[in-house]
Amino acid sequence: MIEDKNQQRTALSDLGEFGLIDHLTKHFQITQKSTVKGIGDDAAVLDFKSKQIVVTTDLLVEHVHFDLSYMPLKHLGYKAIMVNLSDVYAMNATATQVTIAIAVSNRFPLEAIEELYTGFEAAAHMYGVDIVGGDTTSSTTGLIISVTAIGEVDKKDVVYRSGAKPNDLLVVTGDLGAAYMGFQVLQREKEVFKVNPNNQPDLDPYTYIVERQLKPEARKDIVKLLKDLQVKPTSMIDISDGLSSEIIHLCKQSDVGAELYENKIPLDPQVISTCEEFNLDSTTIALNGGEDYELLMTISQEDFPKIKGNPNLTVIGYMTEKEKGMHLVTRGETLVPLIAKGWNALKDQ
């Protein structure tokens, strides 16, 4: 995308750091009451009054977290915001502001960075958050993006990873494994393109899973849904590294065990068919794929009638005493220990 010689290319050095910031942020609007001062001073000023504040930061590094050969810059900007908002919603909180820092090499012209910021702005507008600051600097290793998200929550509503109790129900939103299978399709088409640059990929059969990889959506709607249902989870986490890893996090933080039922894991038909095409086991992909950005939670059995039949929520198991361990109950009713085999950013690439 950024190597198209027919595109207009404006060197970032023509603007300088402050001119670049002014250029990229001139259309950003303030919508949150808690934002007193956004971009334009030494620091943002926020006023949350009686609310508790949640803060989370994620770093995205080119060649580690994303591949620009098939990731459009606009989608990358959107996804970078989603990754952080998902963590805020996992606390049962409302996201209100973000800050964005980027390090960029001179191979990127101004027009490419404008595309990236278009994605930032689209995500902020869609999810009702203010972009209130950040930083830009140069990089010798490609593109690096760091986003910090800020949110607010009433003290009585905040949910941690540590509140699950034995007999609580294990509940997940949406469906799992789609983002990873979208990644597999994109990687395959990249390899085909390298062999034959004239070959144009046909992604129509994979629309859903490719979108889940390139343009994920954080589950802001679930926070409102739970409030409307008058359900407060006993623990919650977002699924970024894979279902098995996240269940293990909840169990360790809450000092409990878990039984996850294989036949209850929600899978989209496109995930199942693509797994068959790639000769992959769909359960393994759901357990270890990652980047779903769905929410995994535990709720009291007393709240089951409130969520029963809700299409957004699926009961996939329950929590046990710690001594019983953490297991997948297979379709053949065999107990298999859960192992964290999801994404590990520190593993050799």
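The dialogue below walks through a sheet, some salt bridges and a few annotated residues in a predicted model.

Me: How should I read the open sheet of seven strands, and in what order do its strands lie?

Reply: A sheet is read by following its strands from one neighbour to the next. In this structure the order is β8-β10-β7-β11-β9-β12-β13, and the pairing is mixed. Strands β8 (235–238) and β13 (335–337) stand at the edges with a single partner strand each, so one side of each is left without a neighbour in the sheet. From one strand to the next, the twist averages 25°.

Me: How many bridges join β9 to β11, and in which direction do these strands run, parallel or antiparallel?

Reply: Strand β9 (residues 256–261) and strand β11 (residues 313–321) run antiparallel and are joined by five bridges. To find the pairing by eye, you can look for Leu 260, which stands opposite Gly 317 in β11.

Me: Which residues does UniProt list for "binding site"?

Reply: Such an annotation comes from a record, and here the unreviewed UniProt entry lists His 65, Glu 291 and Trp 343. You will find His 65 in the loop between β3 (52–61) and α2 (73–89), and with 26% relative accessibility His 65 counts as partly exposed.

Me: What does the side chain of Glu 291 meet in a salt bridge?

Reply: A salt bridge is judged by whether a side-chain nitrogen of Lys or Arg lies within 4 Å of a carboxyl oxygen of Asp or Glu, and by this rule the count comes to 18. In one of them, Glu 291 meets Lys 79 at 3.0 Å, N to O. Because Lys 79 lies in helix α2 and Glu 291 in the loop between α9 (282–288) and β10 (295–299), the pair ties together parts that are 212 residues apart in sequence. Lys 79 is buried, at 6% relative accessible area, whereas Glu 291 is partly exposed, at 22%.

Me: Where do Lys 194 and Glu 191 lie?

Reply: Both residues lie in helix α4 (residues 178–195), three residues apart, which is about one turn of the helix, and their side chains meet in a salt bridge at 3.3 Å, N to O. Lys 194 is exposed, with a relative accessible area of 53%, while Glu 191, at 40%, counts as partly exposed.

Me: Which residues are linked in a network of salt bridges?

Reply: A network is read by following the links beyond a single pair, and here Asp 175, Arg 212, Arg 219, Asp 221 and Glu 294 are linked in this way.

Methods:
Residues numbered from 1 in each chain as written. Predicted model: local features only at pLDDT ≥ 70, side-chain atom pairs only at ≥ 80, totals over all residues. Heavy atoms only, no water. Pairing = 2+ DSSP bridges. Helix = DSSP H or I, 4+ residues; strand = E, 2+ residues; numbered from the N terminus. Axes fitted to C-alpha atoms, helices over the stretch in contact; angles between N-to-C directions. UniProt positions renumbered as here; feature names shortened; annotations may be inferred. Buried < 20%, exposed > 50% of the residue type's maximum accessible area, 1.4 Å probe, protein only.
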